[in-house]
Amino acid sequence: MKIKSRAWNLIVIIGSIALLAVGFGGLFLLQSASASATLTSWFIIVLGILTFLFFAGPGIAFAARKRIPWLKAKLPGGTLAWVRAHLYLPILALVAAYVHATSAPFRATLSSGKVLLGIAIVVSLAGVARHHLIGVTKAAVNADAQISRIAAGQSRAFRQLVIDYKQLRRPLADIQADVNLLNDGERAAWNKVVEVQQAIDHDFPRGGGQSRNVRALKLLRAVHAPLTIVLFATLGFHIADVLGVANNVVRNKVESIASNADCAGCHRDIVKDFEHSTMDHGQTGTIMQAQLPVTLAKNELLAKQLGSAQQTLLDAAAKVCINCHLPIAAGLAKDNTAVLPVNQGTDTKGAAVADGSLAVTRDGISCTFCHTLSRPPGELAGAGGIPVDGGTPNHFTTMYGPLFRDPNPLPVRVHDIGQGEQTDLGQFWNDPVATSLACGACHNVKLDLNGNGLSPFNENDTADANGNRQMNGNELDVVNGKVQDLVLQTTFDEWQDYVHFYDQAIAPKTTVNHPLGCIECHMPSLPDGAQKPVVDKAPGLLTTPDRPFRKHSFVGVEYDLDPSVYTDDGLPASTVNEILTERAALLKSAVTLEVQNPVASADGTGETANVVITNNLMGHTFPTGFAFARQFWLEVHAIGADGKEVCLVNPFAAQGVQGPCGSGVLKGRGGRVPQCDPASVAATVGAASPLAAANANIRFADAAPVGECDPWLANFQKILTDGDPGGSGAFTEVAYQSFLPDIVKVRTRVIDGLKMAPLQSVRLVPDASGALQDATSMTIPYTFQAAPGTPLTITATLRFRHLPPEFIRGLAKEQQSLSNVTASARIDDPEALVKNLVVTDVVSATSGQGAVLACKGPQNADGATILSCEQPVTGDGAVDASGVDPHARLATGTAHPVATASVVGGFTLLGGLVVAGRRPRRRSN
């Protein structure tokens, strides 16, 4: 069977069109059918096999046909047909390789597939060059034979002239002079000789050597054989790489778990967002690393002090922090008192998890932790540890999320896509309220200390027995006003009550007719309903459609005080201020602020203005979470008609002590909020004075004495205490959490004994008489030294700082005597962190202006997003990161040498056999 070159051209053209149609058309079919990862993988594998057969098949068959008589008899075609097949079919192989490579989302990084394709192109060119060189050489030989035939019919003198001309024996001018002596017929023949010889000289000059073209062809011919072997070796590596031979065969689970960085191959924008988040830095966060060893060490001392029951509690609950902050690594750490990062040891013990992928040694609450959940894990489940099926970088297992339509999600090779199960609140992952159920795993931080449960009711009890708009299951275990358990955060409980009582308490105040899920504020949508792709690239000819998009930066009140935490992830130094920009927008949607016009004070000695602060329809209290670390305070000033500041009434004037003029004034971003020291107040005005009753049993970490403090201070920050383990009746403010009941206290305002309790979302709270009342707002009075009727302009600003400087300094001081602190966790210079504290102005209002809201959030209007309120942070609201050097994240390896060598070696041997089979065998005489 002979196939001529023209037929081969048609085969290549028609075959290429067919491959493109089947390859790209198949992707559209897979998309319309919502194909599984397995089906998509097989589609790509078949294209890869076709690529291999088109490229290597003719060579393998040709080599086998030469050596195996049976195959030579069975395989059709002659040697020329197989040579042509070897020349033309690699063109189809390159087309098939292109379709194969683009059938998975294209990644911009260098990969084994791209290297393989590059080598294949060079090998194909070398093969073409090899055959072309044969043609060039054959043409030169034929031309030389033609000259011999021309000379054979001429005179002896003519033939001698040809020899002299070809061998450059005489100068060309002498030869031409003799040619002129020839007869007309011989001169015509001579001209033909010169014409033919010039064609030969183009590639093989008479003076010796070869033309550049021939040298290039010979070079390509020379590299063809070794490059073919390299090609087969690279093919082996590519197969080992994409099929995860190392992850699936050699590496253990710790080394092969998929990390956030692995998701970036297709979701770079989302991963970049997530790298901004506190969740991503659950393990690497500066304060988390620093506080954990202090908390563990203090509770070990507490267990020695209080006995076996406390030790049993510590043994059972020591991992409660890392179970939520780094669920994958926590599940692998056998040591209950593991500290961070898990791959670093301390002075007294080795690393909790010595080695592993970035999912273990770096990631916090990872992509896979959330997106492998098919159903909500249950309230408080995170504290006990949640098994995570993280898969490997080559197959992530099923990833759950909101499923899009028109068009369907893109078919991918590395993971299936699901939307989760139906819940009582809706389809998990496809409904923001239902999705929020996942947050309950970690965003309640409560520990049952007395063994009788966290509530007098069953936790699933949704009734409201006392009518306080708090579900029975969310009521705390309180006896004689004291919480019987360790309760640090109840954000999820607050949100549950918000959803349950939304129609009754929230709906009348807004046009939004449905409760919000957590993601609607903390994963805000883009302004004006804008959409964008959720993947970086689409396979084949598919598009990357615009989708409803939510930020994965998980906007909250935290950021890392060490900007190198972000630059170590390969992010720019400006990242910290991008985070602060989003955070400021979130904070501005939290509350409204109103300064009412001043009126004469009750005693007629001054002018009193009420500042009213109101929870802006949020799904939880204000503040929520670890409110003992969050400083929300009011800065208040009054200006008279003459433009001069009018001071607040000084309650210490009778004692001859100077008081502040305005309230809540901070001396620099790292200055202390001027909380009065209760002992100093009592010593100044007497223990019997009402002023001395404010937090009288609290020893504050960095309170100011009378004369430097602010008795009018309104600070919503709660107080984290040691829990009074000795039962002395006195509590000390600390920077760690003791496993004791009722350790978080409410701050009291000195001037009037006002409890700075959080502003509720829907719950009602009892007043002094026990009657339930709305607690979404608080009225805070300020009295100024002005005669009644004096015109005053009063300005109030709610300010925020996410950590007190004394908290940071306290951790550093406690660490000095500990041996369980890793090198990364130790705070050697607390002031380097304190200088990066920022103060954010949440909202400002002026008397008579009415209630002011700085930013409308999704709770105020359908389609609203906090991202519409973003403005660059400056001054005390920004971090100076100009001196921070960016660092590139270290990449994890993609293959294990032993596993890879076994596959690469096999394909290298196959390539060597193919090359050896193509070489002509010498026959012995």
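A surface patch joins residues with over 30% relative accessible area and no salt bridge, where like charges are joined within 9 Å and nonpolar side chains (Val, Leu, Ile, Met, Phe, Trp, Tyr) within 5 Å. A salt bridge is a side-chain nitrogen of Lys or Arg within 4 Å of a carboxyl oxygen of Asp or Glu, and accessible areas come from the Shrake-Rupley method with a 1.4 Å probe, with only the protein chains shown counting as cover for residues.

The model is predicted, so that local features need pLDDT of at least 70 and side-chain atom pairs count only at pLDDT 80 or more, while totals for chains, interfaces and linings use all residues. Residues are numbered from 1 along each chain as its sequence is written, and side-chain values use heavy atoms, with hydrogens and water left out.

**Exercise 1.** Find which residues make the nonpolar surface patch, and place isoleucine 49.

Solution. The patch, of about 620 Å², is made by Trp42, Ile45, Val46, Ile49, Leu50, Leu53 and Leu243. Isoleucine 49 belongs to helix 2 (residues 37–67), where helices (H or I, at least four residues) and strands (E, at least two) are DSSP runs numbered from the N terminus. Its relative accessible area is 43%, and therefore isoleucine 49 is partly exposed, given that buried means under 20%, exposed over 50%, and partly exposed in between (1.4 Å probe, protein chains only).

**Exercise 2.** Decide whether glutamine 197 is buried or exposed, and list its contacts beyond its neighbours within four places in sequence.

Solution. Begin with the position of glutamine 197, which is in helix 8 (residues 184–203). With a relative accessible area of 2%, glutamine 197 is buried. Leaving aside neighbours within four places in sequence, glutamine 197 is in contact (heavy atoms within 4.5 Å) with Ile147, Tyr165, Lys166 and Arg206.

**Exercise 3.** Describe the peptide bonds that lead into proline 341 and proline 623.

Solution. The bond from leucine 340 to proline 341 is cis, with omega near -10 degrees, and proline 341 lies in the loop between helix 17 (327–332) and helix 18 (358–361). The bond from phenylalanine 622 to proline 623 is also cis, with omega near -15 degrees, and proline 623 sits in the loop between strand 13 (607–615) and strand 14 (631–640).

**Exercise 4.** State the phi and the accessibility of leucine 380 and of aspartate 406.

Solution. Leucine 380, a residue other than glycine, has a positive phi near 70 degrees; it lies in the loop between helix 19 (367–371) and helix 20 (381–384), and at 17% relative accessibility leucine 380 counts as buried. Aspartate 406, not a glycine either, has a positive phi of about 55 degrees and is found in the loop between strand 1 (399–400) and strand 2 (417–418), where its 78% relative accessibility makes it count as exposed.
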